[in-house]
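Biologist: Could you take me through one part of this protein up close, and show me how that part fits into the whole chain? I am new to this, so please go step by step.

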Amino acid sequence: MVGLSEEQERQIDTQQAPHQFSQDLGAVQDTEVSTYLARVGQSLHGQVQRRDMPYSYRALNANYVNAYTFPGGAIGVTRGILVELQDEAELAALLGHELGHVNARHAAQ
């Protein structure tokens, strides 16, 4: 059984994601990186079950290796993990993993 409604999931993103993204030193100020990350993420949307969720992607300035998602689909990817990825396929796998959490409603349980 899922403990949160979809509206609650979206509210958590709206309330919590900006704070966490700030703790990870904010968004990378490189339009090319941000656009690339969003493009790769959006290319996976045809494979998700919850297509109506407001997925978004942020490249974050933190140097440690991490990626995470909030229940409504706000995804953060640190600079530290981006520099470790070898190619677009690895980025797609990483984002697919995060999308899987949203689709399985892991954070909502």
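Modeller: Let's begin with burial: in this predicted model, 40% of the 109 residues of the protein chain count as buried. Now for the close look, at aspartate 30. This residue sits in the loop that links helix H1 (6-23) to helix H2 (31-43). Is aspartate 30 buried or exposed? The relative accessible area of aspartate 30 is 33%, so this residue is partly exposed, because that label covers values between 20% and 50%. You can also place aspartate 30 against another point of the chain: glycine 76 is 46 residues away along the sequence, and the C-alpha atoms of the two are separated by 15 Å.

Now step back to the whole chain. The protein chain has four helices and three strands, and reading along the sequence gives the pattern α-α-β-β-β-α-α. The radius of gyration is 13 Å, close to the 13 Å that the globule rule gives for 109 residues, so the protein chain is as compact as a globular protein of that length. Along its principal axes, the C-alpha trace spans about 40 × 30 × 20 Å.

How do distant parts of the sequence meet? Take the contacts between residues at least 6 apart in sequence: 61% of them join residues at least 24 apart.

Finally, look at the outside and the charges. The protein chain exposes about 6200 Å², with carbon and sulfur atoms supplying 50% of that area. There are 7 positive and 13 negative side chains, and the centres of these two sets lie 6 Å apart.

Key. Residues are numbered from 1 along each chain as its sequence is written. This is a predicted model: local features need pLDDT of at least 70, side-chain atom pairs count only at pLDDT 80 or more; totals for chains, interfaces and linings use all residues. Side-chain values use heavy atoms; hydrogens and water are left out. Helices (H or I, at least four residues) and strands (E, at least two) are DSSP runs, numbered from the N terminus. The radius of gyration is taken over C-alpha atoms; the globule rule is 2.2 Å times the number of residues to the power 0.38. Buried means under 20% relative accessible area, exposed over 50%, partly exposed in between (1.4 Å probe, protein chains only). Contact means heavy atoms within 4.5 Å. Accessible areas come from the Shrake-Rupley method with a 1.4 Å probe; for residues, only the protein chains shown count as cover. Lys and Arg count as positive and Asp and Glu as negative; His and the chain ends are not counted. The place of a charge is taken as NZ of Lys, CZ of Arg, CG of Asp or CD of Glu.
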